[in-house]
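Welcome, and thanks for taking a look at this one. Please keep the sequence and the structure open side by side while you read.

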Amino acid sequence: MSEQNLEANGEENFAELFEAFQSESNDNLQVGDLVKGTVISITKDSVFIDTGSKVDGIVNRDELLDPEGELTVKDGDSVELYVISIDSNGISLSKAMSGAGGLNMLREAYESGVPVEGKVTETCKGGFRVSMMHRKVFCPVSQIDATFVETPEDYVGDTHNFKVIKFEEGGRNVVVSRRALLEVEQEKFREKFVAEVEPGTVLEGKVTKLMAFGAFVELVPGVEGMVHVSELSWSRSAKPEDVVQPGDKITVRVLSIEPRKDGKGLKIGLSLKQLQADPWDEIGDKFKAGDKITGTVARCADFGVFVEIAPGIEGLVHISEMSYTKRVHKPADEVTPGQEVSVMIKDLDPVKRRIALSMKDAEGDPWLDAADSFKVGTEVEGVVENKAEFGIFVSLAPGITGLLPMSRISRSERKSELEALTPGQKVKLLIEELNLADRKVTLNAGDPKEDIDWKKYAKPAASKKSAPRKSEPKITTSGDSSGFGALLGMKLQEAMKNKK
């Protein structure tokens, strides 16, 4: 190749390289542009940024500090900043315009979209007054945050970056929005979240709100997930407020990620309990058959009551195991969810995750001591439970009821008193019979005349050779089945004999 051709090719290659350099450089930067650059140097007061132009950008070091005062970048890190001025001294970069400024700077910020720093000074009708570049501007309440504002007063005194969304009447009507900037930032976080996170990922988040059905957790700015109440704790009876509170930082596992039906954002399912040990894995170390413990009624069914004896551990008290003292027809009439009850573990099967409980065994069987407490012949005081045709039922102690038969009442000197008894009244009676096998107690009125053995007054039967004297009257007691008539007859006969 000739020397002339080489020179020509060299000129062409240089021209191409120069054109490429010019096209890749950012020398056409304008105020308001958002540029992405690389940190190339950090000094005591400033951070220098390679913006891709011939002149490096510079940003105040204080703008890149976190709330604790630590620098958030290092050499080689990428940052996104706004161009706020270009002059012979270089390119000034910032997260937002600030300082005294003036109307012209506010207009430039409105036209370029550069954020402006402002301080919320007070609330007003429909929003807030914001001090910005020594001027008062208006921020609607809906534009102060990306979420619903419940207490506007909480924002007063805060300093934020705002976007000027309206500049009218020569600057007399200026409206700003913080939400517009937050949504742009949150969209970036959402894109990164979707790209990097998948079901099964464990993340740390902050509880933002509690509802009856669960807790909302912010995972990254603008991305919230929900921990359903069933995934908050192994305990079925736990309420969200029993487990977490707004502001708590918690570690959760991502269960699902899917677009919302309305197309606005993501629906993210989270779990807190799946990062905790399954309580059934250790149940054998904590409980055994025969243990008496206190539990909480979780729910009632027609056949019994489910009682939680530890977080996530529920057992069943069958309706037949609820009481020794009375027949239970409807468990919900005896206990209510949330009530504490004493139970005894009758059977435990960790494999099938089943526990049989008894409320009545925890209280004790009242009939175990009945032989010592209710001896035959002793007087007891009880309370009338109800009356029937065949007698009166009297409660002697919780779970022990005796029967005063009608046959005892009809022969009693206290007949009128006993027949007048009503449920709830107290009455004193005697234990006539105690049947532990059948769990029955028979009572009597304890009348003095029933304690007399009238047979001791009867004379020996006359022999066949002797006959009653004709002068003695014959006294009969037919129709008297109580024995009282016979006794009276004997006494009359003796009295007449002694008189003679």
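Is Asn 28 buried or exposed? Asn 28 is exposed, as its relative accessible area is 70%. This residue sits in the loop that links α1 (3-24) to β1 (34-42). Asn 28 and Ser 53 are 25 residues apart along the chain, and their C-alpha atoms are separated by 8.3 Å.

**The chain as a whole**

Please bear in mind that this is a predicted model. The protein chain has an average pLDDT of 81, and 82% of its residues score at least 70. Over residues 17-25, however, the pLDDT is below 50, and this stretch has five contacts in the model beyond near neighbours in sequence. Residues 449-488 also have a pLDDT under 50, and here the model has 24 contacts beyond four places in sequence. Where pLDDT is low, the predicted coordinates should not be read in detail.

With that said, the protein chain contains 11 helices and 25 strands. Of its 500 residues, 33% are buried. The chain exposes about 31,200 Å², and carbon and sulfur atoms account for 49% of that area. Taking contacts between residues at least 6 apart in sequence, 55% join residues at least 24 apart.

**A nonpolar core and its strands**

In soluble globular proteins, nonpolar side chains tend to be buried together. Here, the largest nonpolar core has 22 residues, and Ile 309, Val 343 and Ile 355 touch the most other members. At least two residues of this core come from each of β16 (292-301), β17 (304-310), β18 (313-318), β19 (340-349) and β20 (354-358). Apart from this core lies another, of 19 residues, which includes Val 384, Leu 396, Leu 404 and Leu 421.

Val 343 is a good place to zoom in. Leaving aside residues up to four places away in sequence, Val 343 touches residues including Asp 291, Lys 292, Ile 293, Val 307 and Ile 309. Val 317, Leu 357, Ser 358, Met 359 and Ala 362 are also among the residues that Val 343 touches.

How do the strands pair here? β18 and β20 are parallel and pair over two bridges, with Leu 316 having Ala 356 in β20 as its bridge partner. β19 and β20, by contrast, run antiparallel and are joined by five bridges. Asp 349 has Arg 354 in β20 as its bridge partner. β19 and β20 form a hairpin with four residues between the strands, where Arg 353 takes a positive phi near 55°.

**Two arginines with positive phi**

Arg 353 is not a glycine, yet its phi is positive, at about 55°. Arg 439 is likewise not a glycine and has a positive phi of about 55°. The table sets out where each of them lies and how accessible each one is.

| Residue | Phi | Loop | Relative accessibility |
|---|---|---|---|
| Arg 353 | about 55° | between β19 and β20 | 41%, partly exposed |
| Arg 439 | about 55° | between β24 (426-435) and β25 (440-444) | 37%, partly exposed |

**A helix residue under cover**

Next, turn to helix α3 (residues 179-196), where Gln 186 is found. Gln 186 counts as buried because its relative accessibility is 15%, under the 20% cut-off for a buried residue. Not counting residues up to four places away in sequence, Gln 186 touches Ala 146, Pro 221 and Gly 222.

**Cysteines without a bond**

How many disulfides does the structure hold? The structure holds zero. Why is Cys 124 not bonded to Cys 139? The sulfur of Cys 139 is the closest cysteine sulfur to that of Cys 124, but the two are 9.2 Å apart, which is too far for a bond. A disulfide would need the sulfur atoms to be within 2.5 Å. Seen from the other side, Cys 139 is in no disulfide, and its nearest cysteine sulfur is that of Cys 124, 9.2 Å away.

The surroundings of these cysteines are worth checking too. Cys 139 is buried, with a relative accessible area of 0%, whereas Cys 124 counts as partly exposed at 23% relative accessibility.

Terms used: Residues are numbered from 1 along each chain as its sequence is written. This is a predicted model: local features need pLDDT of at least 70, side-chain atom pairs count only at pLDDT 80 or more; totals for chains, interfaces and linings use all residues. Side-chain values use heavy atoms; hydrogens and water are left out. Buried means under 20% relative accessible area, exposed over 50%, partly exposed in between (1.4 Å probe, protein chains only). Contact means heavy atoms within 4.5 Å. Accessible areas come from the Shrake-Rupley method with a 1.4 Å probe; for residues, only the protein chains shown count as cover. A nonpolar core is a set of buried Ala, Val, Leu, Ile, Met, Phe, Trp, Tyr and Cys residues joined through side-chain atoms within 4.5 Å. Two strands pair if DSSP finds at least two bridges between them. pLDDT is the predictor's confidence in each residue, from 0 to 100.
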